[in-house]
Amino acid sequence: MAVRPIHITGIDANGCLILSDHGHTIANRGDTIQWIIDNNSGVATISSIHDTSSVDVFLPDPTRQPGNSQNWRGTINPNLNPLPQTESYIIYYTKPGSPVVYMNDPLIQVNS
């Protein structure tokens with residue numbers, strides 16, 4: 001099991017998050033995914049992360065890390081089947097000084 005960090009480095013002209021893995025995470029069952037908001041990314045907070053797939057890719061669901069952290073963590077379902085499987089999920093986020101919640105829908109690919 002590995003920790004797979006995804007850095008949120010910015011927001012493109014279309015309002016999509018710029019992610020260090022280009023929005024396509026490759027992971028294995030039991031891996032921990034960590035979303036990290038980089039300084040000067042244009043993202044103030046992650047409001048929530050929702051698994052929108054027909055199977056539970058994350059078990060338990062992703063949550064904000066403890067303390068004052070704006071970073072989130074989620075674990076890939078250790079019993080996910082069949083494999084490989086590619087699913088989308090949604091990151092809801094806000095920009096500095098704005099109450100508007102935006103969304104981005106990257107992919108996660110679970111291979112083993």
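**Aromatic pairs, strand pairing and backbone features**

The structure, a predicted model, holds four aromatic pairs. In one of them, the ring centres of Y93 and Y102 are 5.7 Å apart and the planes meet at 25°, so the pair is stacked; the cut-off for stacking is an angle under 30 degrees. A pair of aromatic rings is described by the distance of the centres and the angle of the planes. The two tyrosines differ in burial class: Y93 has 0% relative accessibility and counts as buried, whereas Y102 has a relative accessible area of 28% and is partly exposed. Y102 also has a charged neighbour, as K95 lies over the face of the Y102 ring at 4.3 Å from the ring centre. Elsewhere, W35, F58 and Y89 form one aromatic cluster.

Strands of a sheet pair through backbone hydrogen bonds, either parallel or antiparallel. An open sheet of five strands is present, with the order 2-1-4-7-6 and mixed pairing. Its edges are strand 2 and strand 6 (63-64), each of which pairs on one side only. Within this sheet, strand 1 (residues 3-11) runs parallel to strand 4 (residues 32-37), and six bridges join the two. Among the residues of strand 1 with a bridge partner in strand 4, V3 is matched with T32 and P5 with Q34. In a regular strand the side chains alternate between the two faces of the sheet.

Strand 1 also pairs with strand 2 (residues 17-19), here in the antiparallel sense and over three bridges. I11 has L17 of strand 2 as its bridge partner. The two strands form a hairpin, with five residues between them. The turn of this hairpin contains G15, which has a positive phi of about 85°.

Further pairing involves strand 10 (residues 107-110). Strand 3 (residues 24-27) runs parallel to strand 10, and four bridges join them; A27 has V110 as its bridge partner there. Strand 8 (residues 85-94) pairs with strand 10 in the antiparallel sense, likewise over four bridges. In this second pairing, the strand 10 partner of S88 is L107. Strand 10 is thus bridged in the parallel sense to strand 3 and in the antiparallel sense to strand 8.

V110, the bridge partner of A27, lies in strand 10. With a relative accessible area of 1%, V110 is buried, because the class takes in values under 20%. When residues up to four places away in sequence are not counted, V110 touches A27, N28, R29, V57, I76, L80, L83, P84 and Q85. A27 is therefore both a bridge partner of V110 and one of the residues in contact with V110, contact being heavy atoms within 4.5 Å. The C-alpha atoms of V110 and G74 are separated by 13 Å, and these residues are 36 residues apart along the chain.

Two cis peptide bonds precede prolines in the loop between strand 7 (72-75) and strand 8. One joins N81 and P82, with omega of about -10°, and P82 is found in that loop. The other runs from L83 to P84, with omega near -10°; P84 is placed in the loop between strand 7 and strand 8 as well. Both L83 and P84 are among the residues that V110 touches.

Positive phi values also occur in residues other than glycine. H22 has phi near 60° and is placed in the loop between strand 2 and strand 3. The relative accessibility of H22 is 75%, so the residue counts as exposed. N40 likewise has phi near 60°, and its place is in the loop between strand 4 and strand 5 (45-51). N40 is exposed, with a relative accessible area of 81%. The loop positions of H22 and N40 thus hold exposed residues, as the limit for this class is over 50% and the values are 75% for H22 and 81% for N40.

Methods. Residues are numbered from 1 along each chain as its sequence is written. This is a predicted model: local features need pLDDT of at least 70, side-chain atom pairs count only at pLDDT 80 or more; totals for chains, interfaces and linings use all residues. Side-chain values use heavy atoms; hydrogens and water are left out. Rings of Phe, Tyr and Trp (its six-membered ring) pair if their centres lie within 6.5 Å; planes under 30 degrees apart count as stacked, over 60 as edge-to-face and the rest as tilted. Buried means under 20% relative accessible area, exposed over 50%, partly exposed in between (1.4 Å probe, protein chains only). A charge sits over a ring if NZ of Lys or CZ of Arg is within 6 Å of the ring centre and within 35 degrees of the ring normal. Two strands pair if DSSP finds at least two bridges between them.
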